[in-house]
Amino acid sequence: MKRKELLMNGLLIFALFAVCAEAAGTLQEKVESTTPIPTLSPPEGNMTFIDGVTWCVARPGVPQEDLQNALDWACGQGAADCSPLQPGGHCYQPNTLLLHASYAFNIFYQQNGNSDIACNFGGAGTITKRDPSFGPCKFLASETSAASALMSRSMRMMGAAFLTALQLRVFQDVYY
């Protein structure tokens, strides 16, 4: 009986180790681009810099049609919450395509792990370290969304470890 208990405890420890190792492996630092792209954060002139925090904004100079298509995609299929861009919303004014696209791009970028590809939008988006927020219009920052994603991932890993331990305990009770 002791041998079976030791075996079950060993399996439990192995399962917990495997879950923790996977959690540690998912924590990777974001590699910054080696080629900086000069951008003006909407609205033009906002020069606030916060080290380690990134936003996705619309690239100035992109054709209006391309910006509009990317904005429509981000607010539609991309599932970005664009309600603040509606008339009366806290990011509606100034009513410019560049600002609205920047807000929508950033929401999509933050909701999708701050990866470079989540800020592409067919070349219409670019990552910046300049906070594009202004007045009542606050752009979600990567630091906030990264912490949220880390917490969510940690909770999933803890849940998986708990379920594994519970399954092993049930297995032990049934077969021993």
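**Buried residues and a helix pair**

Of the 176 residues of the protein chain, 34% count as buried. The model is predicted.

Student: What is the secondary structure of the protein chain, and in what order do the elements run?

Tutor: The chain has four helices and two strands. Starting at the N terminus, the order is α-β-α-α-β-α.

Student: Where is H100, and why is H100 called buried or exposed?

Tutor: H100 sits in helix α3, residues 97-111. Its relative accessibility is 8%. Buried means under 20%, so H100 counts as buried.

Student: Which residues is H100 in contact with, leaving aside its neighbours within four places in sequence?

Tutor: They are L71, L85, C91, Y92, P94 and N95. A contact here means heavy atoms within 4.5 Å. Of these residues, L71 also appears among the residues of α2 that meet α3.

Student: How are two packed helices described?

Tutor: By the angle between their axes and the distance between the axes. For α2, residues 64-75, and α3, the angle is about 40° and the axes are 9 Å apart.

Student: What makes α2 and α3 parallel, perpendicular or oblique to each other?

Tutor: Set the angle of about 40° against the cut-offs. Angles under 35 degrees count as roughly parallel, and 65 to 115 as roughly perpendicular. The value falls in neither class, and α2 and α3 are therefore oblique to each other. As for handedness, α2 passes α3 in a left-handed crossing.

Student: Which residues meet where α2 and α3 are in contact, and of what class are they?

Tutor: From α2 come Q64, L67, Q68, A70, L71, W73, A74 and C75. From α3 come L97, L98, H100, A101, A104, F105 and F108. By class, this contact has twelve nonpolar, three polar and no charged residues.

Student: Where is V62, and how do you know whether V62 is buried or exposed?

Tutor: V62 lies in the loop between β1, residues 55-58, and α2. Its relative accessibility is 13%. That is under 20%, so V62 counts as buried.

Student: Which residues is V62 in contact with, leaving aside its neighbours within four places in sequence?

Tutor: V62 is in contact with L67, G123 and A124. V62 and G123 are 61 residues apart in sequence, while their C-alpha atoms are 8.2 Å apart in space.

Student: How much of the contact in the chain comes from residues 24 or more positions apart?

Tutor: Such residues account for 78% of the contacts with a separation of 6 or more.

Terms used:
Residues are numbered from 1 along each chain as its sequence is written. This is a predicted model: local features need pLDDT of at least 70, side-chain atom pairs count only at pLDDT 80 or more; totals for chains, interfaces and linings use all residues. Side-chain values use heavy atoms; hydrogens and water are left out. Buried means under 20% relative accessible area, exposed over 50%, partly exposed in between (1.4 Å probe, protein chains only). Axes are lines fitted to C-alpha atoms, for helices over the stretch in contact, and angles run from 0 to 180 degrees between N-to-C directions. Angles under 35 degrees count as roughly parallel, over 145 as roughly antiparallel, 65 to 115 as roughly perpendicular and the rest as oblique. A crossing is left-handed if the near helix is turned anticlockwise from the far one by less than a right angle, and right-handed if clockwise. Ala, Val, Leu, Ile, Met, Phe, Trp, Tyr, Cys and Pro count as nonpolar, Asp, Glu, Lys and Arg as charged, and the others, Gly among them, as polar.
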